[in-house]
Amino acid sequence: MHQALESLLDLLDLERIEEDIFRGHSRSAVVPRVFGGQVAAQALVAAGRTVPADRMAHSLHAYFLRMGDPGAPIVYTVDRIRDGASFTTRRVVAIQHGQPIFHLSASFQTYEEGMEHQTGMPPAPDPESLPTAAEMLPRYADAFLDEGVVDRMLEARAAVDLRYVDVPPWGTVGTPREPRSQVWFRTNGKLADDPLLHVCLATYVSDMTLLDSVLLAHGRGGWAVGDVVGASLDHAMWFHRPFRADEWLLYDQESPSASGGRGLGQARIYTQDGRLAITVIQEGVVRVPRSSPRP
């Protein structure tokens, strides 16, 4: 297993400090704040540890309230909202310095048979034919604000093999494109056969690229280029079918709207054999700095 993946798994292995109260820590991020995918994944871990093992996460809805401090621990408090015959609901609040920075509602369900249909998987190239992050990112070093961005991005994503199907936003600055983006991803190493772990790893990765499609529509390169500032506001996921985060997953993303300093991203995540595993929707602050020239 890749050392970075081991480090990420340690990060998700929260310390239980009291009944329904957990403590987590942060890893170094590309920007000086807690990565949103990390706090969402940790909150889901906290919720899942209060739920019977035979109940799988099927949805989460979350709000990012304040910027997290990566140098301070995060305390997660879990409220047991409902324990029904088929469904279990939990609410989690993440607290730093005495203030809530994030809250999540998650629902879990026992397995049952039911009606089946899904949207078909869109065309995409074989992930093995695409460049790795280590091969791709240095090509765009001149577009970034400083030379250290490439190293920080590679470090932040070292636990995950994430491959862009098309040129990323920072590769076509100034040229608006269709607001669609695809990436393949999987963890850099095998994971244990724990469904909650795979769901939490997918939650972690889901916050990495979802707003790329907003940037593409306006020819913007993003925070690393310096022509956009922003942050995640809210995040929702529905887990439809079993999947493994250590096997290739296609993250098919698009942006239907941007207005009022906010951008909306929506996506579907498919297994390599075409099963729709997850639906994701996120809204984020996407603002153009006053000093930024128009594309």
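Buried residues have under 20% relative accessible area, exposed residues over 50%, and partly exposed residues lie in between. The exercises below concern a predicted model.

**Exercise 1. Determine whether arginine 80 is buried, partly exposed or exposed, and describe its salt bridge with glutamate 19.**

Step 1. The relative accessibility of arginine 80 is 39%. This value lies between the cut-offs of 20% and 50%, so arginine 80 counts as partly exposed.

Step 2. In the salt bridge between arginine 80 and glutamate 19, the closest N and O atoms are 3.4 Å apart. A salt bridge requires a side-chain nitrogen of Lys or Arg within 4 Å of a carboxyl oxygen of Asp or Glu.

Step 3. Glutamate 19 belongs to the loop between strand 1 (15–18) and strand 2 (21–24), whereas arginine 80 belongs to strand 4 (residues 74–83). The pair links distant parts of the chain, 61 residues apart.

**Exercise 2. Describe the salt bridge of arginine 262 with glutamate 283 and state where each residue lies.**

Step 1. The closest N and O atoms of arginine 262 and glutamate 283 are 2.9 Å apart.

Step 2. Arginine 262 is part of strand 11 (residues 262–271) and glutamate 283 is part of strand 12 (residues 276–287), so the salt bridge ties together parts that are 21 residues apart in sequence.

Step 3. Arginine 262 has a relative accessible area of 36% and is partly exposed. Glutamate 283, with 21%, is also partly exposed.

Step 4. A network of salt bridges that share partners joins Lys190, Asp193, Arg244 and Asp246. The structure has a count of 17 salt bridges.

**Exercise 3. Examine the surroundings of alanine 47 and of arginine 90.**

Step 1. Alanine 47 is located in helix 2. Its relative accessible area is 0%, so alanine 47 is buried.

Step 2. Apart from neighbours within four places in sequence, alanine 47 is in contact with Val78, Arg90, Val92 and Phe108.

Step 3. Arginine 90 is buried as well, with a relative accessible area of 1%. Its side chain forms a salt bridge with that of aspartate 83, at 2.9 Å from N to O.

Step 4. Helix 2 (residues 36–48) also holds glutamine 38. Glutamine 38 is buried, at 1% relative accessibility. Among the residues that glutamine 38 touches are Leu11, His25 and Tyr204.

**Exercise 4. Characterise the second largest pocket by its volume and its lining.**

Step 1. The volume of the second largest pocket is about 920 Å³.

Step 2. Its lining consists of 25 residues, and Tyr111, Phe239, His240, Arg241 and Pro242 lie nearest the centre.

Step 3. Strand 3 (55–64), strand 6 (99–110), helix 5 (195–209) and strand 9 (229–239) are the elements that give two or more residues to this lining. Helix 5 gives the most, with four residues.

Step 4. By class, the lining of the second largest pocket has 11 nonpolar, seven polar and seven charged residues.

**Exercise 5. Describe the largest cavity and the residues that line it.**

Step 1. Rolling a probe the size of a water molecule over the atoms reveals where empty space remains.

Step 2. The structure has one cavity of 30 Å³ or more. The volume of the largest cavity is about 40 Å³.

Step 3. The lining residues include Tyr164, Asp166, Arg177 and Leu216. Strand 8 (residues 180–187) gives the most to the lining of the largest cavity, with three residues.

Step 4. This lining divides into four nonpolar, two polar and three charged residues.

How values were computed: Residues are numbered from 1 along each chain as its sequence is written. This is a predicted model: local features need pLDDT of at least 70, side-chain atom pairs count only at pLDDT 80 or more; totals for chains, interfaces and linings use all residues. Side-chain values use heavy atoms; hydrogens and water are left out. Buried means under 20% relative accessible area, exposed over 50%, partly exposed in between (1.4 Å probe, protein chains only). On a 1 Å grid over the protein atoms alone, a cavity is a set of points where a 1.4 Å probe fits but cannot get out, and a pocket is an open set with protein on both sides within 12 Å along at least five of seven lines; lining residues have an atom within 4 Å of a point. Grid points are joined across faces, edges and corners, and a volume is the space filled by probe spheres set on the points. Ala, Val, Leu, Ile, Met, Phe, Trp, Tyr, Cys and Pro count as nonpolar, Asp, Glu, Lys and Arg as charged, and the others, Gly among them, as polar. Contact means heavy atoms within 4.5 Å.
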